[in-house]
Structure formats: C-alpha cells, structure tokens
Amino acid sequence: MTGRKERQERQTRPEQRERQDRRERQERQERRDNRTGDVYAASSVDNALRTLVYLRGHQSARVTDISDHLGVARSTAHRLLTTLRGHGFVEQESGGRRYRLGPVLLALTRGAVDEPTLVQVAHGHLARLRDEAGETTNLLVLDGPDSRFADGVEGPHPLRVGTRTGDRVPAYGTAGGKALLSELPPEAARARYRRGLPSLTSATLPDVDALVADLAVTRSRGYALNLDESVTGVHGVGVPVRDRFGTCVAAVTIAAPSIRLDCARAAELALLLRRTAESIGAEL
C-alpha cells in the first residue's frame, strides 16, 4: 500500500507543478493585458483631453487639424471626435466639416444650474402656464435614459392628468423627455438606448431609429409630442428650457387627457410653452 501511495504521489507532483505553472503563466498574461489596456485607456483619455484643450483655443477645427495636432491617423481622430460628439462634448457646425466645443462641456465650464434653484425659479411660471392652458404643467430634467419629473402644477378640471413629481419615466416616452433628447446629437440618443426601447404602451416608439427620426421632427417643429406613448389616454406637449447661455437644462410640458389635447391643440399650446420656457431661462 505504501509503495502504491508513493508512486501515486510521484505521478501527481508533476501534474500539480504543471497546473501551478499554467496558473502563473495565465496570471502573468493577465498582468500584461491589464498594463496594455491601461496604457491604451490612458492614451485615449490623453488624446480626448488634448482635443478639448485644442478646441478651446480655436473657434472650430477639422478632422485633419485634430489628427495633425495629436499626431494620429485621420480615422483615429474621426473616431475620437465621434465619441466626444456622442456625449455632447463637441458638436459639428452646419455642413458637418468642422467641430467646436459642445453644450455639455460648455455647461460644465459655466456651472450647472442646481435643481432646487431650477424648481424655485420655475414653479411660479408653471402655475401661470396652468392657468393659461387650463391643464397640468410639469418641469422635467434628463437623468440618464430617463426623464424625471422635478415639479408640477395640477390642472383645474375634474378630469385631469395628475402631477408626477419625483417619478422617472424613460425619456423616449414623454414629451419633456423627447424635448430634452432633441437637444443632444443623434449618437447620444442611440448611446442611451443600445438595448432598444422597452414598450410602455402600444403607442410607444418601436426602436431607436424611430426615436431618432421623431427627435429630428421635434427639432424642426420646435416642440415634442407624446401621444399615448407612456400612458394610454394621456397626451403631452413639451419644449426645452435653455439658460441664459443657451444650454438646455430642463423641459416644460403640458399634459392632458387625449380628448382635450389633439395635435392642433398641441400646436396652440406650444406658443405658451415657448414663452414660459423663455421666462424661466431668463431667470437662470
């Protein structure tokens, strides 16, 4: 028995050493991969920061300007600018050949409006808008992929839409959320919904392509619509609120039962909404 155990142990030791060597090789490879990834990530961050500093000193720049400044290929510079544009740090001028600093970075450098101040400034305007429109009014902010109801004033009718202060709803399903998303580049909207648009009602937009198309219409029209897209029987119309620097900080909306808010009525209410949004923005 003893001899058999010794033979088994002698046979096992090489196997154990081989397993140990294999683990050590894997650990060394993982350390090398991590170092390579860290170097690549650091290089990408460095190039992004150098690009933003470069644009700060120039009104605008072409892809070739950025590639020459960074010493990288044009394709690399283009991918970098596309990523920065997707997050709102840069934007393309009309014509699409030149880039400049975007609204997100400009908002950071100017100092963002804090939400308590935003609500305090907006509340009186929401109340006046409720009186003028005769419907529920809301103030919404963008919170990742969601729109969050920051404040609201309930309408006067017995049959009315209630306020939803504090609630979060996917931005693609609300008028305020779509007004906010319309201020971002299309890539930013796609980045928020890489897994698609989960349906809220049968009228919810079916996919990201439909959302991007809807946002293009919203920008052209000047206001966003929600027609049964988050709650069946509830319609909404909304516009962005911009601060004195022109940066979008919120959206103001009117919500009503669908029987009182069709597309024609929404176009009329959009005029009141724009005036309210301008009044709020002037005080921020």
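Biologist: In this predicted model, how many bridges join β1 to β3?
Modeller: β1 and β3 run antiparallel. Within this pairing, arginine 62 stands opposite arginine 98 in β3. The number of bridges that join β1 to β3 is two.

Biologist: What is the order of the strands in the open sheet?
Modeller: The sheet has three strands, with antiparallel pairing. β1 (61-62) and β2 (90-92) each have a single partner strand, so both stand at the edges. One side of each is therefore left without a neighbour in the sheet. The order is β1-β3-β2.

Biologist: Which residue is the bridge partner of glutamate 91?
Modeller: Three bridges join β2 to strand β3 (residues 98-101). Glutamine 92 stands opposite tyrosine 99 there. For glutamate 91, the bridge partner in β3 is arginine 100.

Biologist: Which glycine in the turn between β2 and β3 has a positive phi?
Modeller: β2 and β3 form a hairpin, with five residues between them. The phi in question is about 105 degrees. The residue is glycine 95.

Biologist: Which helix packs on the sheet?
Modeller: The helix covers residues 74-86 and touches β2 and β3. Its direction makes about 105 degrees with that of β2. The helix is α3.

Biologist: Is helix α2 largely enclosed or largely open?
Modeller: α2 spans residues 63-70. Val63, Thr64, Asp65, Ile66, Ser67 and Leu70 are buried. Six of the eight residues are buried, so the helix is largely enclosed by the rest of the structure.

Biologist: What phi does glycine 71 take?
Modeller: Glycine 71 comes just after α2. Its phi is positive, at about 75 degrees.

Biologist: Which element gives the most to the largest nonpolar core?
Modeller: This core has 28 residues, and Leu139, Val237, Val241, Val252, Ile254, Leu269 and Leu273 touch the most other members. α5 (115-133), β4 (136-143), β5 (146-153), β8 (234-242), β9 (248-257) and α9 (263-282) each supply at least two of its residues. The top contributor, with seven residues, is α9.

Biologist: Which residues does leucine 269 contact, leaving aside neighbours within four places in sequence?
Modeller: Leucine 269 is one of the core residues that touch the most other members. With those sequence neighbours left aside, its contacts are Ala133, Val237, Ile254 and Leu261.

Biologist: How many residues does the other core have?
Modeller: This core lies apart from the largest one. Tyr54, Leu55, Val90 and Leu101 are among its members. The count is 16 residues.

Biologist: Why does glycine 144 count as partly exposed?
Modeller: Glycine 144 lies in the loop between β4 and β5. Partly exposed covers values between 20% and 50%. Glycine 144 falls in that range because its relative accessibility is 35%.

Biologist: Which residues form the one aromatic pair, and what is its geometry?
Modeller: One partner is tyrosine 172, in the loop between β6 (168-170) and α6 (175-181). The other is tyrosine 193, in the loop between α7 (186-192) and α8 (208-221). Both are buried. Their ring centres are 5.3 Å apart and their planes at 80 degrees, so the pair of tyrosine 172 and tyrosine 193 is edge-to-face.

Biologist: Which ring does the charged end of arginine 221 sit over?
Modeller: The charged end is 4.9 Å from the centre of that ring. The ring belongs to tyrosine 223.

Key:
Residues are numbered from 1 along each chain as its sequence is written. This is a predicted model: local features need pLDDT of at least 70, side-chain atom pairs count only at pLDDT 80 or more; totals for chains, interfaces and linings use all residues. Side-chain values use heavy atoms; hydrogens and water are left out. Buried means under 20% relative accessible area, exposed over 50%, partly exposed in between (1.4 Å probe, protein chains only). Helices (H or I, at least four residues) and strands (E, at least two) are DSSP runs, numbered from the N terminus. A nonpolar core is a set of buried Ala, Val, Leu, Ile, Met, Phe, Trp, Tyr and Cys residues joined through side-chain atoms within 4.5 Å. Contact means heavy atoms within 4.5 Å. Two strands pair if DSSP finds at least two bridges between them. Axes are lines fitted to C-alpha atoms, for helices over the stretch in contact, and angles run from 0 to 180 degrees between N-to-C directions. Rings of Phe, Tyr and Trp (its six-membered ring) pair if their centres lie within 6.5 Å; planes under 30 degrees apart count as stacked, over 60 as edge-to-face and the rest as tilted. A charge sits over a ring if NZ of Lys or CZ of Arg is within 6 Å of the ring centre and within 35 degrees of the ring normal.
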